[in-house]
Amino acid sequence: MKAPLSASSSLLRGKGRLSPYLFTLIAFILFVAILYGQDFMCVFDEHLQSYSYSDKLSSTTQRVKQHKVPFAVGKTEEGCDIFSGSWVRDELNRPLYEESECPYIQPQLTCQEHGRPDKDYQHWRWQPHHCDLPKFNASLVLETLRGKRMMFVGDSLNRGQYVSFVCLLHKLIPEDEKSMETFDSLTVFTAKEYNATIEFYWAPFLLESNSDNAVIHRISDRIVRKGSINKHGKNWKGVDIVVFNTYLWWMTGLKMKVLLGSFDDEVKDIVELSTEDAYRMAMKSMLRWVRLNMDPKKTRVFFTSMSPSHGKSIDWGDEEGGNCYNETSLIDDPNYWGSDCRKSIMEVIGEVFSKSKVPITFLNITQLSSYRRDAHTSIYKKQWSPLTPEQLANPVSYADCVHWCLPGLQDTWNELLFAKLFYP
């Protein structure tokens, strides 16, 4: 007697083939899965994406609100890189002031007063690709600085930018309402009506060094002290806007001497680091000082990149042995990069800044200034020592291809600073 078929076996027929009932059931399940499964996944996926996007948008908005940029009155249009562009001739709007109208320019930078025969270098305007620089508004700057301190910290190139900044503003201030005084390393321009100061502090390495004397600092065997940012930094506390620079004084070779102890130590513990490692040490110290002393909700911090020099004419394709002397035209190669600008230092800056959460605005003036072999003071400046007959016979030998005539290129640096300060 055959055993009765079970429920499951009753769905089967003969030689292992599916029963029509089981086949129909499986087909129906597959049909429903295909028809609605994609919709279920879409709904589920959209829910996840919606949650993720809202979450990111919310957190981004919170970050923007938390870190609203101080002093901003607008915003640079999307995709506008103000440091990428070209120089255009502008006889109508350049220069922004006359050399003779600004009594604060040091005699090292007054090229017209010291006999420069041309003014071509004064009539160039920087034009970014695909956008325009906002016009420098001296009234806006002064109103913004009311009751505040602005400081430039660094070497003589930063001092040139500082003087340019003062020259761009001072005409709006009555003669008896402004003054400029120097106290050792600190120079202070005061706009009395605004209760505002624009200051320059001499610190060519930012760290303490044996070149810190603001007057006597021509020392070939340069030494910086590790961990010494507060030696100068104590004088920067309380500023509302600070503009740092440091580069030229590090260029003494491939190595830099670093003091591990104190300059007062009888036996000094000095080590040699690669220039890049020593510079990295200074950048980290600067960012640490900023993090501890500058309130990102109320203050702004800028760092100006290396200022190029033009000491080797072979760099731009001329014969060897020349420099910026007698140069009155621009370098027209858009990819030009002089041998005096160490890309390794730019890489250190990029590396250190990218790893830091400290809000600091980078003023990348290097490439745009590299085209301006025409804008240096050259031989048209005050000479602090009498020139020898040999020098007089060969002006190339004493031409200053580091510093810049005012008015001139450094006014553009301040237009860029203005743009980043008010339209970040």
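This presentation describes the two largest pockets of the structure.

The model is predicted, with local features requiring pLDDT of at least 70 and side-chain atom pairs counting only at pLDDT 80 or more, while totals for chains, interfaces and linings use all residues. Residues are numbered from 1 along each chain as its sequence is written, and side-chain values use heavy atoms, without hydrogens and water.

A pocket here is an open set of points on a 1 Å grid over the protein atoms alone, where a 1.4 Å probe fits, with protein on both sides within 12 Å along at least five of seven lines; lining residues have an atom within 4 Å of a point. Volume is the space filled by probe spheres set on the points, which are joined across faces, edges and corners.

I begin with the largest pocket, which holds about 1,400 Å³ of space. Its lining comprises 43 residues, and Ser156, Arg159, His217, Arg218 and His403 are the closest to the centre. Helix 3 (156-169) provides the largest share of this lining, five residues. Strand 6 (178-183), strand 8 (196-202) and strand 16 (400-404) each contribute at least two. Helices (H or I, at least four residues) and strands (E, at least two) are DSSP runs, numbered from the N terminus. By class, this lining has 19 nonpolar, 16 polar and eight charged residues; Ala, Val, Leu, Ile, Met, Phe, Trp, Tyr, Cys and Pro count as nonpolar, Asp, Glu, Lys and Arg as charged, and the others, including Gly, as polar.

I turn now to the second largest pocket, with a volume of about 480 Å³. Among its 22 lining residues, Arg94, Leu96, Lys135, Phe136 and Glu415 are the closest to the centre. Strand 4 (124-128) and helix 3 each give two or more residues to this lining, and strand 4 gives the most, four. The classes here are 12 nonpolar, two polar and eight charged residues.
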